[in-house]
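Trainee: Could you pick one part of this model and take me through it closely? I'd like to follow it piece by piece and see what is packed around it.

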Amino acid sequence: KSHEELLIPPTRCHAKTNVMFLKTHKTASSTVLNIMFRFAERYNLTVALPADQLFHLGYPRTFVAHFVEGFKTIGQNYNIMCNHLRFNPLEVKRVMAANTFYFSILRNPIPLLESSYIYYKNNVPAFRSSKNVNEFLASPTKYYHPADYRENIYARNIMWFDFGYNNNAEDDTKYTQAVLEEIEQNFHLILIADYFDESMILLKHALCWDLDDVIYFKLNSRSQDTVQMLTPESEEQIKAWCSLDWKLYMHFNQSFWRRIEETIGLEVLEKEVDHLRTRQKELMETCLSEQEAVRKDEIRNKALLPFQSGAANILGYNLKQDLDNRTLRTCQRMVMPELQYTSYLYAVQHPHKKRKEVGLPLLWTNLQER
């Protein structure tokens, strides 16, 4: 071979288009879902969407294939799956191709529990009957009754539950070790919400996607004034009360950083994170009339209003008024909340089915405009 030929860079890898994202609760997963939906549209991929009027894949019931719209006719021909579900590998495998890439995201259980408390305050008996998060954590068993376990899943080891395991299980070393190994076998990658930008770069490399595929505006976040300060005692208590989630998080936080060192290296990571943030800032300047998320009562276009829950004020965005059509489409996709985006893709993929009612005006009533 000539000297020249050896200098040809190795062929660029191909973007993976069969991807399953296990969407966990209160872990920045709505932002990831938006990334997945935009990717699906870019490559004209088929998304495994919830059947009928549902916005999740049967959650909190354990997932079965018929929770997916059109499964009987479409069979194992879905490319992307990312709406909330309680993981059940055998049933997911009936829906997704054999070469599917599986990933999920975890978050430090300390901020996670505080976030769940505010978001699910009115739905969860254990939260409802306590004054605030610190009072709940001072003696969780006083408020948390195993009999209400279905309604109380958000109050204890919610990530463990989302992965399909018993969130009230005894924290036994042999058991937890077996579960961690099983998760490692089922998933190619576990991201960490506390390092979201680093996670996006790792994901981009693992899936061989472009930087623009993982650019995002933070979705479904809440205004700072609803955050409750945890006492140091409460923080320690969470590690004990949610010890299964704590073990899960500690384990995969370590493997996350190990993975980065083995694949990209910290130097390249830092460069790419900077790149991501610069590009994100450019897009925000292009798209948004304010350079940040705004409170629910400041959102002008009610079609872009995110679902509101509990005592949280869920933030959204205002788009600039004078965008050309193509830019407007791009920007709308960047800020479209989960329910609206699910409903929209459902109408595109299943035009003859009754639309999913978001209870909000739909962005594009005429799908021919695409």
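Mentor: Happy to. Let's start with one term: two strands count as paired if DSSP finds at least two bridges between them. Keep in mind, too, that this is a predicted model. The part I'd choose is the sheet, an open one of 4 strands in the order E2-E1-E3-E4, with parallel pairing. Its edge strands are E2 (80–81) and E4, each of which pairs on one side only.

Let's walk across the sheet from the E2 edge. E2 pairs with E1 in the parallel sense, over 2 bridges. To find that pairing on your screen, look for Val-19, whose bridge partner in E2 is Ile-80. Strand E1 covers residues 19–22, and 4 bridges join E1 to E3, again running parallel. Here the pair to look for is Phe-21, which stands opposite Phe-103 in E3. The last step takes us from E3 to E4 (residues 189–192), a parallel pairing over 4 bridges. In that pairing Ile-105 of E3 stands opposite Leu-191 in E4.

Now let's stay with E3 for a moment. This strand spans residues 101–106, and 6 of its 6 residues are buried. In a regular strand the side chains alternate between the two faces of the sheet. You can trace that here: Phe-101, Phe-103 and Ile-105 point one way from E3, while Tyr-102, Ser-104 and Leu-106 point the other way. Residues on both sides of E3 are buried.

Tyr-102 also leads us to a neighbour, Asn-186. This residue lies in helix H10 (residues 173–186). Leaving aside residues up to four places away in sequence, Asn-186 touches Tyr-102 together with Phe-87, Pro-89 and Lys-93. Is Asn-186 buried or exposed? The cut-off for buried is under 20% relative accessible area, and Asn-186, at 17%, therefore counts as buried.

Next come the helices that lie against the sheet. Helix H2 (residues 29–42) lies across E1, E2 and E3, and runs at about 165° to E1. Helix H11 packs on the sheet as well, touching E1, E3 and E4, and its direction makes about 160° with that of E4.

H11 has a helix partner of its own, so to speak. H11 (residues 196–207) packs with helix H13 (residues 243–263) at an angle of about 55°, and their axes are 11 Å apart. That angle makes H11 oblique to H13. The crossing of the two helices is left-handed. From H11, the contact uses Glu-198, Ser-199, Leu-202 and Ala-206; from H13, it uses Phe-256, Trp-257, Arg-259, Ile-260 and Thr-263. Sorted by character, the residues of this contact are 5 nonpolar, 2 polar and 2 charged. An α-helix has 3.6 residues a turn, so residues three or four places apart point the same way. It is worth holding that rule in mind as you rotate the view to this contact.

Let's follow H2 in the same manner. Helix H15 (residues 325–335) has a set of buried residues: Arg-329, Cys-331, Gln-332, Arg-333, Met-334 and Val-335. They pack against H2, helix H14 (266–287) and helix H16 (338–349). So H2, which lies across three of the strands, is also one of the helices that the buried residues of H15 pack against.

The loop between H2 and helix H3 (71–74) is worth a stop too, as Pro-60 is found there. The peptide bond from Tyr-59 to Pro-60 is cis, with omega near 5°. Asp-52 sits in that loop between H2 and H3 as well. Phi of Asp-52 is near 55°, a positive value in a residue other than glycine. With a relative accessible area of 47%, Asp-52 is partly exposed.

You'll find a similar feature in the loop between H11 and helix H12 (232–241), where Asn-220 lies. Phi of Asn-220 is near 65°, a positive value in a residue that is not glycine. Asn-220 counts as partly exposed at 26% relative accessibility.

To retrace the path, begin at the E2 edge and follow the order E2-E1-E3-E4. Then add H2 across E1, E2 and E3, and H11 touching E1, E3 and E4.

Technical notes:
Residues are numbered from 1 along each chain as its sequence is written. This is a predicted model: local features need pLDDT of at least 70, side-chain atom pairs count only at pLDDT 80 or more; totals for chains, interfaces and linings use all residues. Side-chain values use heavy atoms; hydrogens and water are left out. Axes are lines fitted to C-alpha atoms, for helices over the stretch in contact, and angles run from 0 to 180 degrees between N-to-C directions. Angles under 35 degrees count as roughly parallel, over 145 as roughly antiparallel, 65 to 115 as roughly perpendicular and the rest as oblique. A crossing is left-handed if the near helix is turned anticlockwise from the far one by less than a right angle, and right-handed if clockwise. Contact means heavy atoms within 4.5 Å. Ala, Val, Leu, Ile, Met, Phe, Trp, Tyr, Cys and Pro count as nonpolar, Asp, Glu, Lys and Arg as charged, and the others, Gly among them, as polar. Buried means under 20% relative accessible area, exposed over 50%, partly exposed in between (1.4 Å probe, protein chains only).
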